[in-house]
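User: Hi! I have a structure open here and would like to talk through it with you, one question at a time.

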Amino acid sequence: MADAAKAPAVELPEGLMEIAQVDDAGLLFISPVIHDWKVVADRGIDTVIDLEGGLDVGVPTEPHEILYVYYPILDEALPEPTRTDAVASLGALLVGQGHRVLSHCGMGFNRSALVAGLILHKLGMPGAQVVAQIRARRPGALYNERFAEYLESLG
């Protein structure tokens, strides 16, 4: 993983979007729906993987400001593996190059954690460690046991 300074701590008033750092380098994050793009910018996040069913309101449109990947998936079953793997590979490539990547879904617990977990695995972390680390960094994450079991099955 690229050497980078840890993300600055951001104190949020109650009720605002919580962004959870899930790696040690401060480059990979998960969150619920984005309501405030300033919070994303304040963290230096330049890539957003949106796994929710609708496009985020207010996505920045300035050239070179943000890479926005829209890949809606459901909690009910594991998503289609080829495209999910490609999205995770892109995330891992960007994290490896020092970019800050946010994976987000509706509540920031399952779909976002699944894709962030796949990214961590592609960066070399064993599946069981991926699940333990994400759950430690975002309490309540991966309560979808199908997603957790899938990640744990990765060597």
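User: To start, where is Gly-91 found?

Analyst: Happy to help, and please keep in mind that this is a predicted model. Gly-91 counts as buried, because its relative accessible area is 1%, and its C-alpha atom is separated by 9.8 Å from that of Val-69, 22 residues apart along the chain. As for its place, Gly-91 is found in helix α2.

User: Thanks! In what order do the elements of the protein run from the N terminus on?

Analyst: There are five helices and five strands to place. Buried residues make up 48% of the 155 residues in the protein. From the N terminus on, the order is β-β-α-β-β-α-β-α-α-α.

User: Back to helix α2: is Val-87 buried or exposed?

Analyst: Val-87 is found in helix α2, and its C-alpha lies 9.7 Å from that of Tyr-70, with the two positions 17 residues apart in sequence numbering. The relative accessibility of Val-87 is 11%, and the limit for this class is under 20%. Val-87 is therefore buried.

User: How far does the backbone oxygen of Glu-80 lie from a polar atom of the side chain of Thr-84?

Analyst: Thr-84 has its place in helix α2. With 4% relative accessibility, Thr-84 counts as buried. A polar atom of its side chain and the backbone oxygen of Glu-80 are separated by 2.6 Å.

User: Which element gives the most to the lining of the largest pocket?

Analyst: The lining includes Thr-84, Asp-85, Leu-114, Leu-118, His-121 and Lys-122. Two elements give two or more residues to this lining, α2 (81-96) and α3 (111-122). With four residues, the one that gives the most is α3.

User: And how many nonpolar residues does the lining of the largest pocket have?

Analyst: The largest pocket holds about 180 Å³ of space. Among its lining residues are Leu-78, Pro-79, Pro-81, Tyr-150 and Leu-154. By class, two lining residues are polar and two are charged, while the number of nonpolar ones is seven.

User: Staying with α3, how far apart in space are Val-115 and Ile-49, C-alpha to C-alpha?

Analyst: Val-115 is found in helix α3 and is buried, as its relative accessible area is 1%. Val-115 and Ile-49 are 66 residues apart in sequence. In space, their C-alpha atoms are 8.7 Å apart.

User: On to the aromatic rings: is the pair of Phe-109 and Tyr-143 stacked or tilted?

Analyst: The protein has two aromatic pairs. For Phe-109 and Tyr-143, the ring centres are 6.3 Å apart and the planes meet at 55 degrees. Stacked planes would be under 30 degrees apart and edge-to-face ones over 60, so the pair of Phe-109 and Tyr-143 is tilted.

User: Which parts of the chain does that pair link, and how many residues apart are Phe-109 and Tyr-143?

Analyst: Phe-109 belongs to the loop between β5 (101-104) and α3, and Tyr-143 to the loop between α4 (127-137) and α5 (145-152). Tyr-143 counts as partly exposed, because its relative accessibility is 49%. The pair thus links distant parts of the chain, at a separation of 34 residues.

User: Which residue has its charged end over the ring of Phe-109?

Analyst: Phe-109 has another partner besides the Tyr-143 ring it pairs with. A charged end sits over the Phe-109 ring, 4.1 Å from its centre. The residue is Arg-138.

User: What about backbone angles: what is the phi of Leu-142?

Analyst: Most residues other than glycine have a negative phi. Leu-142 lies in the loop between α4 and α5 and is buried, with a relative accessible area of 0%. Although Leu-142 is not a glycine, its phi is positive, at about 60 degrees.

User: His-64 has a positive phi too; is His-64 buried or exposed?

Analyst: His-64 has a phi of about 65 degrees and is not a glycine. Its place is the loop between β3 (47-50) and β4 (67-70). Because the relative accessible area of His-64 is 86%, the residue is exposed.

User: Last one: how far apart in space are Glu-76 and Asn-144, C-alpha to C-alpha?

Analyst: Glu-76 sits in the loop between β4 and α2 and counts as exposed, at 56% relative accessibility. Glu-76 and Asn-144 are 68 residues apart in sequence. Their C-alpha atoms are separated in space by 8.6 Å.

Technical notes:
Residues numbered from 1 in each chain as written. Predicted model: local features only at pLDDT ≥ 70, side-chain atom pairs only at ≥ 80, totals over all residues. Heavy atoms only, no water. 1 Å grid on protein atoms, 1.4 Å probe; cavity = no way out; pocket = protein on both sides within 12 Å on 5 of 7 lines; lining within 4 Å. Points joined across faces, edges and corners; volume = space filled by probe spheres on them. Nonpolar A, V, L, I, M, F, W, Y, C, P; charged D, E, K, R; others polar. Phe/Tyr/Trp six-rings, centres within 6.5 Å; stacked < 30°, edge-to-face > 60°. Buried < 20%, exposed > 50% of the residue type's maximum accessible area, 1.4 Å probe, protein only. Lys NZ or Arg CZ within 6 Å of the ring centre and 35° of its normal. Polar contact = N/O pair within 3.5 Å; in protein donor to acceptor, adjacent residues only side chain to side chain.
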